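Please open the structure in a viewer and set the display so that single residues can be selected by number. The tour below proceeds from one selection to the next.

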Amino acid sequence: MKTSENIGLKDFNTFHSKVKAQYFTRLGSMDDVVSTVSNFDKKIPLLVLGGGSNILFTKNFDGMVARMEMKGIEITDEDADNVYIKAMAGESWNDFVQFTLGSGLSGAETLIDIPGTVGASPIQNIGAYGHEVAEIIHNVCCYHIPTHTTLTISNRDCHFGYRNSLFKQSMKGRVIITSVQYKLNKHRIQEALYKDVEEWITKKGKDRNSIHDIATAVRAIRKDKLPDPEIMGNAGSFFKNPLINNQQFFALQKLFPDIPSYQAEGFQKKIPAAWLIDQCGWKGYRKGDTGVHARQPLVLVNFGNAQGSEIYDLAKQIRQSVIDSFGISLDFEVNIL
Ligand code: FAD
Ligand code: EPU
């Protein structure tokens, strides 16, 4: 295990923030995980980094950045309806999705092209186009930093919710996820498709029951809406879609009859944050090299040389304007450091 000092992180985060890590190491094996945790001085912070696609660095990181690079994907078990696949945390999420599609397995097709690593997938319970990764996670293996032990956490114990899990709550900063075991379906479960996907499939005359056609549809929709971080720095949705109770929703609907909403768990309504930000006039906004994407206002962008702190300032301004107009306080989806 090699540790370097004063390492630039620009190529390790999709906002391309030009910050430095005091110490930097790579976790290529379980031995690296164990020795990093044993060696690192608990007085300095430890950050486990995947693809850096859900992080905004606002300043240099005074501590140890450990980049998860453990690789491997293998089928571990199978029964009449399911195939179990273990993927190491440093695998690219999208390579894992391609593996499932290549094996003719269903469950990950709508989650194609989400950037980042397998290890980060349970953390915010990644989701897109009607599905969340919680639906296919069997268990999560991790190294528990305080006790230096390995843990296997079952799906139920991960307490998954919308963009939420145990790993963002009580286990935050306490574990290094080393692998995830997924449970894929041998046959696609027939169900209604997400509206945009249904429309694309119908328009193109594709098969709504084919995992490959669904993945192709999602890929095309995403390409149309979301900026490519290689061209324009971003971390996907900057904010979560807020959940409000029915009473608050009906009061807002009187004032804003066009307000869109989706039914969510526990008699709550989910409001698209993109709509709230759009209504506040931010869509396409640019100041210096920071901005709000012109096709998807939930995505904040770095046009070139924006500092993370400038993007954070813009995010706070947007959040305040949504509070002023709608009385709704948006939560950040992106991890601010
Ligand atoms: P990082 O950004 O590196 O890390 C995120 C957090 O997880 C950090 O707190 C980090 O410390 C922690 N972490 C990472 N790996 C580990 C590990 N092995 N053990 C312990 N902690 C760890 N998300 C969605 O849900 N749906 C989308 O549709 C979506 N679209 C996106 C589109 C674009 C263009 C971009 C840039 C991002 C998008 N995202 C989306 C967000 C992002 O892709 C996901 O959150 C992804 O899971 C982050 O993975 P990562 O490896 O880059 O994590
Ligand atoms: N909208 C506007 N103006 C716009 C764009 C959108 O008002 O310019 C409104 C419309 O009402 C639209 C709604 O926002 O129907 C929803 O937009 P979209 O379908 O693009 O989805 P989203 O809610 O903005 C969420 C996820 C995305 C995920 C997509 C697809 C969150 C925070 N974001 O975005 O995830 O890919 O749905 O399922 O839940 C991410 O987490 O980083 C991410 C990109």
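Select Tyr129 to begin. In this predicted model, Tyr129 has a relative accessible area of 12% and is therefore buried, the limit for that class being under 20%. Tyr129 is found in the loop between β8 and β9, the latter spanning 131–132. Display the backbone here: phi of Tyr129 is near 50 degrees, a positive value in a residue other than glycine. Most residues other than glycine have a negative phi.

Select His159 next, in the loop between β11 (149–154) and β12. Phi of His159 is likewise positive, near 50 degrees. Is His159 buried or exposed? His159 has 55% relative accessibility and so counts as exposed, a class that begins over 50%.

**Ligand 2**

Return to Tyr129 and show ligand 2. Tyr129 is one of the residues that come nearest to this ligand, together with Tyr162, Ser237, Asp278 and Lys283, out of 24 residues around ligand 2. Three polar contacts can be drawn to oxygen atoms of the ligand. A backbone N or O atom of Ser237 lies 2.8 Å from an oxygen atom of ligand 2. A polar side-chain atom of Gln296 is also 2.8 Å from an oxygen atom of ligand 2, and a polar side-chain atom of Tyr194 lies 3.3 Å from an oxygen atom of that ligand.

Now switch on a surface. On its own, ligand 2 has 830 Å² of accessible area, and the protein covers 82% of it. The elements that give two or more residues to the shell around ligand 2 are α4 and α6 (273–279). Which of the elements gives the most to this shell? That element is α6, with 3 residues. Colour the shell by class to see 12 nonpolar, 4 polar and 8 charged residues.

**Ligand 1**

Move to ligand 1, which 32 residues surround. The closest of them are Val48, Gly50, Ser53, Asn54 and Thr117. Select residues 52 to 54 for the polar contacts. A polar backbone atom of Gly52 is 2.8 Å from an oxygen atom of ligand 1. The side chain of Ser53 has an N or O atom 2.6 Å from an oxygen atom of the ligand, and a backbone N or O atom of Asn54 lies 2.8 Å from an oxygen atom of ligand 1.

How much of the accessible area of ligand 1 does the protein cover? The protein covers 93% of the 980 Å² that ligand 1 has on its own. Two or more residues of the shell come from each of β3 (46–49), β8 (127–128) and β12. Coloured by class, the shell around ligand 1 shows 17 nonpolar, 13 polar and 2 charged residues.

Stay with Thr117, which lies in the loop between α2 and β8. Thr117 counts as buried, at 11% relative accessibility. Beyond its neighbours within four places in sequence, Thr117 is in contact with Gly50, Gly51, Ala89, Gly90, Glu91 and Trp93. A distance drawn from Thr117 to Ala89, C-alpha to C-alpha, should read 6.4 Å, although the two are 28 residues apart in sequence.

**The nonpolar cores**

Trp93 leads from Thr117 into the interior. Trp93 belongs to the largest nonpolar core, which has 43 residues. Trp93 is among the residues with the most contacts inside this core, as are Phe96, Val133, Phe167, Tyr182, Leu184 and Val197. The elements that give this core two or more residues are β7 (82–88), α2 (93–102), β10 (137–144), β12 (175–185), α3 (195–204) and α4 (211–225). The most comes from α4, with 6 residues.

Select Tyr182 and display its surroundings. Leaving aside neighbours within four places in sequence, Tyr182 is in contact with residues including Val83, Ile85, Trp93, Phe96, Val133 and His138. Apart from this core lies another, of 30 residues, among them Phe239, Phe249, Val292 and Leu300.

**Ile211**

Finish in helix α4, where Ile211 is found. Ile211 counts as buried, at 8% relative accessibility. Besides neighbours within four places in sequence, Ile211 is in contact with Leu101, Gly104, Leu105, Ser106, Glu109 and Arg188. As a last distance, draw Ile211 to Val322: they are 111 residues apart in sequence and 38 Å apart in space, C-alpha to C-alpha.

Terms used. Residues numbered from 1 in each chain as written. Chains lettered and ligands numbered in written order. Predicted model: local features only at pLDDT ≥ 70, side-chain atom pairs only at ≥ 80, totals over all residues. Heavy atoms only, no water. Core = buried A, V, L, I, M, F, W, Y, C linked by side-chain atoms within 4.5 Å. Buried < 20%, exposed > 50% of the residue type's maximum accessible area, 1.4 Å probe, protein only. Helix = DSSP H or I, 4+ residues; strand = E, 2+ residues; numbered from the N terminus. Contact = heavy atoms within 4.5 Å. Near = heavy atom within 4 Å. Polar contact = N/O pair within 3.5 Å; in protein donor to acceptor, adjacent residues only side chain to side chain. Areas by Shrake-Rupley, 256 points an atom, 1.4 Å probe, with all protein chains shown as cover. Nonpolar A, V, L, I, M, F, W, Y, C, P; charged D, E, K, R; others polar.
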